[in-house]
Structures are given as structure tokens and as C-alpha cells.
Amino acid sequence: MFTKTKDNSDTTASSVNPAQDAVKGAANKPTARSAASIICGDMEIHGSITSEGALQIDGLVDGDVAAADITIGASGTVIGEVKAEAVKVKGEVRGSIRARKVELETGAKVHGDILHSSLSIQPNAIFEGQVKHDQDPLKDSAPKPANTEKPASKPAESDAKSTSSAQPSTGGVHNFAPGSSALS
């Protein structure tokens, strides 16, 4: 049916669709680096996200986020732990951040702890929490929450009349059991 001739029909047939050939070739080759996955400003995700690539968050994520590189845009919010090699915050994070490199840009709001190897905070970034430097912040141990109470020190010697209470201190206001005397 088809025969090979020595005219230019072979070369023109192969060059008719170079775009298709490029797409087929690209599909067969693994990509070294792909574009970032984007969570747009009108998206809400309730659940955890894991990615091996870069992630841009401009919407709301209510859950933990783990990726190689995470950027939380000015309109982005994450409620949960953020874990990556590099984290750039322009929006809001309500939870801990664990990354080798953390950047809080102007306008960022972080309410949680940061465990890092490198930290940069620009002027007018809001940060409430504890910061801890660690050579390997991505290891499995999580940072301690900022609002936990320290364990009570060794109990003081007490007399037989006193009872212990598991209530937190209220800054100078003491609660006494009914019928007990404040004076001993």
C-alpha cells in the first residue's frame, strides 16, 4: 500500500507535527522539576495535604501540610502543622512550622511554634509562639506547643492539714476549700 520513495515526502511527513512529537517526547521523559501546585484563593480544603513538590497556598487549608517547598500567599491561611524544606509565609499560619528555612514576610501572621535551621522575620510580620533552632527540624519529633504549662517542681514539704489541688495558679488569687482557713 505504501512504498518508500526518494522524494521529500518522508521529511515533510515527519516535520508536519513537531509539537506533537515534542509533547510525546516530554511525556516519556521524567521531569526534574514541575511547577508548584496551587490552592487558589477561593478554595477551602479540610484535611491534610502531602506533596513531593512545591505548593502555593492562597486559599484555606484546615489540616497539616507537608511538601518540599511551601509558600503561603497573602490571602492564604493554614490551620495545622506546616512541614517543608523551605516555608515562606505572607499570609496566616495557626499551628507549628517545621522547616530548614523559614521566612516570615511583611504582613505574615504566625500563631504557633517554629522549629528551624534558618529563620528570617521581616518588619511588620506578626509572630506569637516559641522559636527553636534545630540542625534537623524535619525529624519526627514535633515541637512542644507554646501554651503548655511547665510541670510542677518538686512538691514543697506540706503539713498534714493541706490538700493538693490540680488547679493552675491565678496570679495571686487563691482558692480555698470551704471551711478551711487561710491562716495556719
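The following questions and answers go through a predicted model of one protein chain.

Student: What is the mean pLDDT of the protein chain, and where does it stay under 50?
Tutor: Of the residues in the chain, 58% reach a pLDDT of 70 or more. One stretch where pLDDT stays under 50 has 3 contacts beyond four places in sequence. Where pLDDT is low, the predicted coordinates should not be read in detail. The mean is 74, and the stretch is residues 9-15.

Student: How many contacts beyond near neighbours in sequence does the stretch 148-184 have in the model?
Tutor: Over residues 148-184 the pLDDT is below 50. Beyond near neighbours in sequence, the number of contacts for this stretch is 3.

Student: In what order do the strands of the open sheet with 6 strands lie, and which are the edge strands?
Tutor: The pairing in this sheet is parallel, and the order is β2-β5-β8-β10-β12-β14. Averaged with direction ignored, neighbouring strands are turned by 5° against each other. An edge strand pairs on one side only, which applies to β2 and β14.

Student: Which residue of β10 stands opposite valine 78?
Tutor: Strand β8 covers residues 77-79 and strand β10 covers residues 92-94. The two pair in the parallel sense over 3 bridges. Opposite valine 78 in β10 stands valine 93.

Student: Which residue is the bridge partner of isoleucine 38, and which residue of β7 stands opposite alanine 54?
Tutor: Strand β1 (residues 37-39) is joined by 3 bridges to strand β4 (residues 54-57), and the two run parallel. β4 also pairs in the parallel sense with strand β7 (residues 69-72), over 4 bridges. The partner of isoleucine 38 in β4 is glutamine 56, and opposite alanine 54 stands aspartate 69.

Student: How many bridges pair β11 with β13, and which residue is the partner of alanine 99?
Tutor: Strands β11 (residues 97-104) and β13 (residues 114-121) pair in the parallel sense, over 7 bridges. β13 pairs in the parallel sense with strand β15 (residues 131-133) as well, over 3 bridges, with isoleucine 114 opposite valine 131. The count for β11 and β13 is 7, and the partner of alanine 99 in β13 is histidine 116.

Student: Is methionine 43 buried or exposed, or in between?
Tutor: Methionine 43 sits in the loop between β1 and β2. Leaving aside neighbours within four places in sequence, methionine 43 is in contact with Gly59 and Leu60. Its relative accessible area is 34%. Because buried means under 20% and exposed means over 50%, methionine 43 is partly exposed.

Student: Which residue forms a salt bridge with glutamate 85, and which residues make up the network?
Tutor: Glutamate 85 lies in strand β9 (residues 82-89), and its partner is 15 residues apart in strand β11. The closest N and O atoms of the pair are 2.8 Å apart. Glutamate 85 is partly exposed at 37% relative accessibility, and arginine 100 is also partly exposed at 31%. The partner is arginine 100, and the network links Glu85, Arg100 and Asp136.

Student: Is glutamate 105, which meets lysine 88 in a salt bridge, buried or exposed?
Tutor: The N to O distance in this salt bridge is 3.8 Å. Lysine 88 is in strand β9, and glutamate 105 is 17 residues apart in the loop between β11 and β12. Lysine 88 counts as partly exposed at 29%. With a relative accessible area of 16%, glutamate 105 is buried.

Key. Residues numbered from 1 in each chain as written. Predicted model: local features only at pLDDT ≥ 70, side-chain atom pairs only at ≥ 80, totals over all residues. Heavy atoms only, no water. Pairing = 2+ DSSP bridges. pLDDT = per-residue confidence, 0-100. Contact = heavy atoms within 4.5 Å. Buried < 20%, exposed > 50% of the residue type's maximum accessible area, 1.4 Å probe, protein only. Axes fitted to C-alpha atoms, helices over the stretch in contact; angles between N-to-C directions. Salt bridge = Lys/Arg side-chain N within 4 Å of Asp/Glu carboxyl O.
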